[in-house]
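You asked for a quick read of this model before you open it yourself. Here are my notes, kept informal and in numbered points.

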Amino acid sequence: MLEFKYSAVQFFKRGDKMIILQGFILLRLMSQICLAQDTSLDNLIADIFKTGENSISTTQSSSVLEKNINPKLSPKYQSCGNQRECVPRWLCANDTINSSGENIIDIRIDTGSPCKYLELCCDLPNKQKNSDVPLTPSETPNGCGYQNPNGVGFKITGAVNQEAEFGEFPWMVAILREENKLNLYECGGALIAPDIILTAAHCVHNKDANTLIVRAGEWDTQTKDEIIPHEDRYVKAIAYHERFNKGSLYNDIALLLVESPFSSQSNIQPVCLPEIGEVFNYNRCYATGWGKNKFGKDGEYQVILKKIDLPVVGNEICQSNLRETRLGQHFNLHDSFICAGGEKGKDTCKGDGGSPLVCPIKGEKNRFKSAGIVAWGIGCGEENIPGVYTNVAYLRPWINEKLKLWKIDSKYYTL
């Protein structure tokens, strides 16, 4: 955001006369800013994930993207009154956002405020250079799968569209594909070890590992001003199931090994894996993603990570319900699938492929394991038509085999 400290008019003294020099064409600049704000949701996704035709990738040769172009330069903030500036909420001492989540922000757009929703109009004497919110958890999680139900650093209100808290599901990642200097959003995935991603085979089948980038710690794709930054890593290797069927999507599972481990941050933590053959029928579980909210051309990709609570449906009931669709009476649900959903208006849709379905661990508060991976469905959010997910527990032996070959310690994803 441009900062106008005084005015677009500059004054120069020449003898006893004052000559007014018009320094900036203010009207044009303001029109450009307004146009930038009047952008469609798809374009906002394209700008952050670099999916647009004219976007230029900022990916560097290293596996981690640069976060600060010049850390020695002080950031410029927009004025919001006399001796007041819009600064990130966690940098204002009189309303410090802390790691306990005591502060609440409203993610709905307030057109009457000059500050963005992640900013606070702060008195200049109260500005801070550094955040009080630590990058790493104040208490190191004793294992995998711990949710942050109140978010990290702040808690949101006004979440009318099932928005997740910042860092609520710290295992959620976005998989991007680099092509012709563009980063294209491919699908979702889940972190199960510092350098291992669990996703769907249909997302990465026949893809070149060198063209894939994994982004962890993402939340709002419309901004890079989150309290803790996301991290990007290039993919080093891909393993997908040898019996993956790209037509029927049987055994729709894949593992990605990234070039270097992700940092252990409050918004970047692994999820647990289920036991072999574990059953989750009738549990209410969470699916997360940035996919479309509707099927077809009317659907829009989500800006802030969404969460949907869904019931796991037994395979016999799921198969029976799916036979009532265009799949017909002879459809058989493969053992490598589980089903969840069937509630009106609640489902995973296009763009959610590869994202995790996580179910609560019995006897442990706010702790989850990956029960499924978003695979396919008939329509989106139709009543009595569940979505179909890869059965992680059924395919756990394959996961164990691949991770053993890569010498990945099981402590990261087991209870």
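The points below go from the whole chain to single residues.

1. First, a reminder: this is a predicted model. Every number below is computed from that model, so please read the numbers in that light.

2. Start with the overall make-up. The protein has 19 strands, along with five helices. Of its 415 residues, 50% are buried. The accessible surface is about 21,600 Å², and carbon and sulfur atoms account for 48% of that surface.

3. How much of the contact map joins residues 24 or more positions apart? Taking the contacts in the protein with a separation of 6 or more, such pairs make up 71%. Keep that figure in mind when you trace the chain.

4. Now the inside. The largest nonpolar core has 73 residues. Within this core, the residues that touch the most other members are I192, L198, L322, W376 and I399. Strand β9, which covers residues 182–193, gives the most to the core, with six residues. There is also a second, separate core of 13 residues, and I308, I338, A371 and V374 are among its members.

5. L198 is a good place to centre your view. Setting aside neighbours within four places in sequence, L198 is in contact with G189, A190 and I192, among others. Further along the chain, its partners include I253, A254, L255 and L273. The list also takes in G354, S370, I373, V392 and I399. Two of these names, I192 and I399, also appear among the core residues that touch the most other members.

6. Next, the empty space. The count comes to one cavity of 30 Å³ or more. About 70 Å³ of space lies in the largest cavity. Its lining includes E165, F166, G167, E168, F169, P170 and M172. From elsewhere in the sequence, G217, E218, W219, N267 and L305 also line the cavity. What classes of residue make up this lining? Six are nonpolar, three are polar and three are charged.

7. G217 deserves its own look, as one of the residues that line the largest cavity. This glycine is in the loop between β11 (212–216) and β12 (231–240). Is G217 buried or exposed? It counts as buried, because its relative accessibility is 5%, and the cut-off for buried is under 20%. Apart from residues up to four places away in sequence, G217 touches F166, M172, H230, N267 and I268. F166, M172 and N267 are also in the cavity lining. The C-alpha atoms of G217 and F262 are 9.7 Å apart, with their positions 45 residues apart along the chain.

8. Y234 sits in strand β12. With a relative accessible area of 10%, Y234 is buried. Its C-alpha atom is separated by 9.0 Å from that of R215, which is 19 residues apart from it along the chain.

9. Two asparagines are worth checking for their backbone angles. N206 has a positive phi, near 60°, in a residue other than glycine. Its place is the loop between α3 (201–204) and β11, and N206 is exposed because its relative accessible area is 61%. N384 also has a positive phi, near 65°. That residue lies in the loop between β18 (368–376) and β19 (386–391). With a relative accessible area of 48%, N384 is partly exposed.

10. Why does Q319 count as buried? Its relative accessible area is 19%, and buried means under 20%. Q319 is found in helix α4, residues 315–322. Not counting residues up to four places away in sequence, its contacts are F331, N332 and L333.

11. Last, look at L415, in the segment after α5 (396–405). L415 counts as exposed because its relative accessibility is 53%, with the cut-off for exposed at over 50%. Even so, L415 touches C272, I361, R367 and K369, leaving out residues up to four places away in sequence. The C-alpha atoms of L415 and G143 are separated by 6.8 Å, although the two residues are 272 residues apart along the chain.

Notes
Residues numbered from 1 in each chain as written. Predicted model: local features only at pLDDT ≥ 70, side-chain atom pairs only at ≥ 80, totals over all residues. Heavy atoms only, no water. 1 Å grid on protein atoms, 1.4 Å probe; cavity = no way out; pocket = protein on both sides within 12 Å on 5 of 7 lines; lining within 4 Å. Points joined across faces, edges and corners; volume = space filled by probe spheres on them. Nonpolar A, V, L, I, M, F, W, Y, C, P; charged D, E, K, R; others polar. Helix = DSSP H or I, 4+ residues; strand = E, 2+ residues; numbered from the N terminus. Buried < 20%, exposed > 50% of the residue type's maximum accessible area, 1.4 Å probe, protein only. Contact = heavy atoms within 4.5 Å. Areas by Shrake-Rupley, 256 points an atom, 1.4 Å probe, with all protein chains shown as cover. Core = buried A, V, L, I, M, F, W, Y, C linked by side-chain atoms within 4.5 Å.
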